[in-house]
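Student: I've got a model open on my screen and I'm not sure how to read it. Could you walk me through it?

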There are 2 protein chains.
Amino acid sequence: MFSKACEYGIRASIFIALNSFEGRRVSPKEIAEEIDSPTAFTAKILQALVRNNIVSSVKGAYGGFEMDKHRIKEIKLADIVDAIDGDSIYKGCGLGLHACDEDRPCPMHDKFKVVRDELKTMLESTNLEDLALDIKQGDTFLRR
Amino acid sequence: MFSKACEYGIRASIFIALNSFEGRRVSPKEIAEEIDSPTAFTAKILQALVRNNIVSSVKGAYGGFEMDKHRIKEIKLADIVDAIDGDSIYKGCGLGLHACDEDRPCPMHDKFKVVRDELKTMLESTNLEDLALDIKQGDTFLRR
DNA sequence: TTTATTTCGGACAATTTTATCCTATTTTAT
DNA sequence: ATAAAATAGGATAAAATTGTCCGAAATAAA
Ligand code: FES
Ligand code: FES
């Protein structure tokens with residue numbers, strides 16, 4: 001469904017959000033340990049998240065990755081997926097035709113569109129704050 | 001969403017179904033042209049479909065790929081996806097945890113599960129006959 | 001100002017997916 | 001029997017994704 005990079009990106013974002021509530025910056029090493037991902041690869045993904053304005057970074061001693069506490073609620077899963085995997089999951093044809101086209105649809109179009117749109121709605125309506133709070137309460141987990 | 005192999009596999013299956021209604025066998029070359037896919041790669045995927053009992057093949061002169069006319073209605077998209085991409089799309093964790101686990105869910109679990117289950121239902125309830133008939137009527141297309 | 005720390009970014013490597021090619025095997029028609 | 005036609009399958013190659021490494025640049029503390 002999502003690329004590994006995107007999965008790591010989402011898990012990392014949630015962990016950063018969680019810590020930003022406490023005013024703590026976190027390092028790629030700490031993030032990778034907490035979400036069980038390869039450190040250097042995760043660092044690359046963090047760079048992309050910074051470029052896309054989803055997290056911010058502070059270089060140098062006592063630096064690390066953080067998020068504006070008041071923006072956490074505004075950041076949706078869709079923002080992260082879009083930043084890393086692009087919009088093909090929202091717009092692409094399920095059978096791989098060059099683009100999804102209502103006027104010349106593939107045989108799966110009508111049925112696929114319903115699912116694809118529901119995925120889109122789900123990602124656009126799910127924010128990082130809610131996800132982070134569930135973890136804080138011990139209801140959900142970032143690794144296993 | 002699906003791998004290229006799976007997209008080609010579904011498009012190929014629909015085209016074979018379409019021709020099997022007319023009692024025509026089709027070659028990898030003809031299939032690849034009709035669904036706009038690389039011929040040799042498509043041939044590999046056809047082998048997998050044969051092994052998984054989705055289409056049958058006849059070697060030698062006047063051979064080719066075909067489907068039992070009366071089974072076309074019984075073959076669901078899910079059968080093809082399962083044969084080529086496996087069941088991770090149905091069962092896997094959306095955030096890439098080693099498995100989806102209700103008892104230790106990832107933060108996306110509750111919302112992801114709804115979409116994933118809907119995709120599963122869609123694939124399990126869509127059969128090749130309906131897809132092939134839409135093409136025959138000129139309502140949908142296998143290439144563009 | 002120096003030093004320690006930390007992200008940034010480019011180069012590189014490994015793995016997986018996608019794609020090609022060639023030979024063997026099977027089958028039908030002559 | 002022989003030849004022609006067609007799928008099966010292994011070896012190989014190209015491309016994309018995933019993953020690693022290291023030096024450069026930036027920052028804060030001493
Ligand atoms: S054309 Fe294939 S999903 Fe819309
Ligand atoms: S645990 Fe992640 S989707 Fe179920």
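Tutor: Let's go through the DNA strands, one residue and the core in turn. This is a predicted model, where local features need pLDDT of at least 70, side-chain atom pairs count only at pLDDT 80 or more, and totals for chains, interfaces and linings use all residues. Residues are numbered from 1 along each chain as its sequence is written, chains are lettered from A and ligands numbered from 1 in the order in which they are written, and side-chain values use heavy atoms, leaving out hydrogens and water.

Student: Which residues are closest to DNA strand C?

Tutor: A residue is near a strand if one of its heavy atoms lies within 4 Å of it. Here 28 residues surround DNA strand C, and the closest are Pro28(A), Lys44(A), Gln47(A), Ser57(A) and Pro38(B). Of the atoms of DNA strand C that come within 4 Å of the protein, 72% belong to sugar and phosphate.

Student: What is 2.6 Å from a phosphate oxygen of DNA strand C?

Tutor: That's a polar contact with DNA, meaning a pair of N or O atoms within 3.5 Å. The partner is an N or O atom in the side chain of Ser57(A). A base oxygen of DNA strand C lies 3.2 Å from a backbone N or O atom of Ala61(A). From chain B, a polar side-chain atom of Tyr8(B) lies 3.2 Å from a phosphate oxygen of that strand.

Student: Where is Gln47(A) placed?

Tutor: Helices are DSSP runs of H or I with at least four residues, numbered from the N terminus. Gln47(A) sits in helix H3 (residues 39-51) of chain A. H3(A) also gives the largest share of the surface near DNA strand C, four residues.

Student: Is Gln47(A) buried, exposed or partly exposed?

Tutor: Buried means under 20% relative accessible area, exposed over 50%, and partly exposed in between (1.4 Å probe, protein chains only). Gln47(A) is partly exposed because its relative accessible area is 40%.

Student: And how many residues are in the largest nonpolar core?

Tutor: In soluble globular proteins, nonpolar side chains tend to be buried together. A nonpolar core is a set of buried Ala, Val, Leu, Ile, Met, Phe, Trp, Tyr and Cys residues joined through side-chain atoms within 4.5 Å. The largest one here has 82 residues, and those with the most contacts inside it include Ile31(A) and Ile31(B). Contact means heavy atoms within 4.5 Å. Leaving aside neighbours within four places in sequence, Ile31(B) is in contact with residues including Phe15(B), Leu46(B) and Phe65(B).

Technical notes. Helix = DSSP H or I, 4+ residues; strand = E, 2+ residues; numbered from the N terminus. Polar contact = N/O pair within 3.5 Å; in protein donor to acceptor, adjacent residues only side chain to side chain.
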